[in-house]
Amino acid sequence: MKFSIGGSLKLAFRPWVEGLENIPAEGPAILASNHLSFSDSFFLPAVLDRKVTFIAKAEYFTSPGVKGKLTAAFFKGVGQLPVDRSGARGAGEAAVKSGIDVIERGELFGIYPEGTRSPDGRLYRGKPGGLARVALATGAPVIPVAMIDTEKIQPPGKVVPKLMRPGIRIGKPLDFSRYHGMDGDRFILRSVTDEVMYEIMKLSGQEYVDIYATAAKRQIADAEKAEKAARAAADKNADNSGDKSGKSDKSDEKAAE
């Protein structure tokens, strides 16, 4: 991916990068990034010399048809790890185990603490499961990363990307060794996650929203559904008014006759 797609991405989009010196030349680390676009998982590895392993939803590996097989082959080829998100607890456990395995191999583990792409470009509350538990279980440093403007290149649902320069800011490693082995304490997990999200916010300059992105997506979907229903009702009322007006006109014509 680095020598084929990665090279093409850098040539076509010319991403700018700050803080590359914060990525260790060797040894394990966790890269915790905001998530604006599907392309985030391509731009970040493309600018690094080392391999980054992300977890990816299992649907990318199990979709039917030729397209599904090609997608699965690609994700397997670049070393991404499938996680079944059908059950919240099961998905969390799978993410933690996958992350620990990557760290124990001395590699870079990439994770999006928000759990899903931002629906509107803002930064949402980090989920305290995968990120904090892997960090506390392994003692690996957490490196905050901010993707800049990738949502403008490829918004959700857009197939053909727009040619423009995205940015990547890489922060200094965060050491949570003082909490090592305390991955069963939910208050510690929340504290670690919030500290990482605060650093991502400073790097990205995004507005922070203290709710989960999944909840925000539901709110947006509900609002769109309500707006659609309101438009349909307004159109129906307009049609009914037109029908009544037409009947009234015909009555007037008969009366005139």
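Let's start in strand β5: the bridge partner of I30 there is F109. Keep in mind that this is a predicted model. T53 also has F109 in β5 as its bridge partner.

Now the strands around that residue. Strand β2, residues 29-33, pairs with β5 in the parallel sense, over 4 bridges. β3 and β5 run parallel too, and 3 bridges join them.

What about the faces of β5? Both are covered. L108 and G110 sit on one side, F109 and I111 on the other, and all are buried.

On to the cores. The largest nonpolar core has 24 residues. Which of them touch the most other members? I30, V142, F176 and V196. So I30, which we met as a bridge partner of F109, is back, and here it belongs to the core.

Which elements give two or more residues to this core? β2, α5 (88-104), β5, α6 (130-138) and α8. The largest share comes from α8, with 6 residues.

Take V196 as an example. Leaving aside residues up to four places away in sequence, V196 touches A32, L131, V142, L174 and F176. Two of those names, V142 and F176, were on the list of core members with the most contacts.

There is a second, separate core of 20 residues. Its members include F13, V47, L108 and I143. L108 is the β5 residue we saw on one of the covered faces. As a general point, nonpolar side chains tend to be buried together in soluble globular proteins.

V47 takes us to helix α2, residues 40-47. How many of its residues are buried? 7 of 8, and the helix is mostly covered. The buried ones are D40, F42, F43, L44, P45, A46 and V47.

Next, aromatics. A search of the whole structure finds 3 aromatic pairs. I'll show two of them. One is F38 with F42. That pair is tilted, at 5.4 Å centre to centre and 50 degrees between the planes. Buried or partly exposed? F38, at 29% relative accessibility, counts as partly exposed. F42 is at 15%, so F42 counts as buried.

Another pair is F54 with Y112. This one is stacked: 5.3 Å centre to centre, 15 degrees between the planes. Where do the two rings come from? F54 lies in strand β3, residues 52-57, and Y112 in the loop between β5 (108-111) and β6 (123-124). The pair therefore ties together parts that are 58 residues apart in sequence. Both F54 and Y112 are buried.

Last stop: R190. This arginine lies in helix α8, residues 186-204. That is the helix with the largest share of the largest core. Buried or exposed? R190 is buried, because its relative accessible area is 15%, and the cut-off for buried is under 20%.

What do the polar atoms of the R190 side chain meet? One lies 2.5 Å from the backbone oxygen of G126. There is also a polar contact of 3.1 Å between the side chains of R190 and Y212. Setting aside residues up to four places away in sequence, R190 touches R125, G126, P128 and Y212.

To recap. β5 pairs with β2 and is joined to β3. α8 gives 6 residues to the largest core. And α8 also holds R190, with its side-chain contact to Y212.

Notes
Residues are numbered from 1 along each chain as its sequence is written. This is a predicted model: local features need pLDDT of at least 70, side-chain atom pairs count only at pLDDT 80 or more; totals for chains, interfaces and linings use all residues. Side-chain values use heavy atoms; hydrogens and water are left out. Buried means under 20% relative accessible area, exposed over 50%, partly exposed in between (1.4 Å probe, protein chains only). A polar contact is a pair of N or O atoms within 3.5 Å; within protein, one must be able to donate a hydrogen and the other to accept it, and residues adjacent in sequence count only if both atoms are side-chain atoms. Contact means heavy atoms within 4.5 Å. Rings of Phe, Tyr and Trp (its six-membered ring) pair if their centres lie within 6.5 Å; planes under 30 degrees apart count as stacked, over 60 as edge-to-face and the rest as tilted. Two strands pair if DSSP finds at least two bridges between them. A nonpolar core is a set of buried Ala, Val, Leu, Ile, Met, Phe, Trp, Tyr and Cys residues joined through side-chain atoms within 4.5 Å.
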